[in-house]
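Me: I should like to understand how the terms used for a protein structure are justified. May I put some questions to you about the one shown here?

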Amino acid sequence: MEIEEEFLRYVRLLYERGHLTLLSGNVSVRAGNRVLVTPTSRPKPFLTVDDLVWIDLEGRVIKGRLMPTSEWRMHVAVYKRRGDVNAVVHTHDVLPIILADKLDSSLLSEAEIYLGSEIAIVEYFQPGTVELAESVAKALERNNVAILKRHGVVAVGRDLAEAVNRVETLVDLAKAVFYKQLLEL
Ligand SMILES: [Zn+2]
């Protein structure tokens, strides 16, 4: 399968599973020194191959007629620090945000395995800024998932399957903590 088509399948899956809204969240995958990213301000489930944008590691558009995601700095900052990472997924899942300080991955043994690291917490910075990009990239130097306070989640992986699975795992962990507290277990 072409890389663009596989990428679109993951973006649609993330939307259909409720991790992305029509316009929020963004996804990227690295191929060599090029990065394929979602465009800004376009409804995610209706994206086509022609809507996708290739940028270099400085954020310059190599291919595509649309503007890249406003969080492109965050994506390239992560790739520059993590040679082992080829996919970055950023969602606005709400449960991990509100339970950020209470998430304990030892609650679910699968979570510990799939996340493969601690859960980093990043203080609030305005979306789209260099400050946010650098803070997230620094937090992900030694971690595979980060929760951005009042904002969302970022997960990285060797490929999209690993990064997307980490988003799902983190949300499942947040659900487990939520149910546990709700039921006072
Ligand atoms: Zn965001």
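The following exchange sets values against definitions.

Reply: Please bear in mind throughout that this is a predicted model.

Me: What makes the pair Arg 17 and Glu 168 a salt bridge?

Reply: A salt bridge requires a side-chain nitrogen of Lys or Arg within 4 Å of a carboxyl oxygen of Asp or Glu. The side chains of Arg 17 and Glu 168 meet at 2.8 Å, N to O, and therefore the pair satisfies the definition. The pair links distant parts of the chain: Arg 17 lies in the loop between helix 1 (3-16) and strand 1 (26-31), while Glu 168 belongs to helix 6 (residues 160-182), 151 residues apart.

Me: Why is Arg 17 called exposed?

Reply: The word exposed applies over 50% relative accessible area. Arg 17 has 53% relative accessibility, so Arg 17 counts as exposed.

Me: Is its partner, Glu 168, buried or exposed?

Reply: Buried means under 20% relative accessible area. Because Glu 168 has 18% relative accessibility, Glu 168 counts as buried.

Me: How do you know that Arg 65 and Asp 51 form a salt bridge?

Reply: Their closest N and O atoms are 2.6 Å apart, and the limit is 4 Å. This pair also links distant parts of the chain, with the two positions 14 residues apart. Arg 65 is exposed, because its relative accessible area is 57%, whereas Asp 51, at 8% relative accessibility, counts as buried.

Me: What distance supports the salt bridge of Glu 162 with Arg 166, and where do these residues lie?

Reply: The closest N and O atoms are 3.5 Å apart, which is within the 4 Å limit. Both residues lie in helix 6, four residues apart, about one turn of the helix. Both Glu 162 and Arg 166 are buried. Elsewhere, salt bridges that share partners join Arg 81, Glu 134 and Glu 141 into one network. The structure holds 11 salt bridges.

Me: What makes a group of residues a nonpolar core?

Reply: The residues must be buried, of nonpolar kinds such as Val, Leu or Phe, and joined through side-chain atoms within 4.5 Å. The largest nonpolar core has 34 residues; among those with the most contacts inside it are Phe 7, Val 27, Val 89 and Leu 160. Helix 6 gives the most to this core, with nine residues. Beyond its neighbours within four places in sequence, Leu 160 is in contact with residues including Phe 7, Val 27 and Val 89. Another core, of 26 residues, lies apart and includes Val 37 and Trp 72.

Key: Residues numbered from 1 in each chain as written. Predicted model: local features only at pLDDT ≥ 70, side-chain atom pairs only at ≥ 80, totals over all residues. Heavy atoms only, no water. Buried < 20%, exposed > 50% of the residue type's maximum accessible area, 1.4 Å probe, protein only. Contact = heavy atoms within 4.5 Å.
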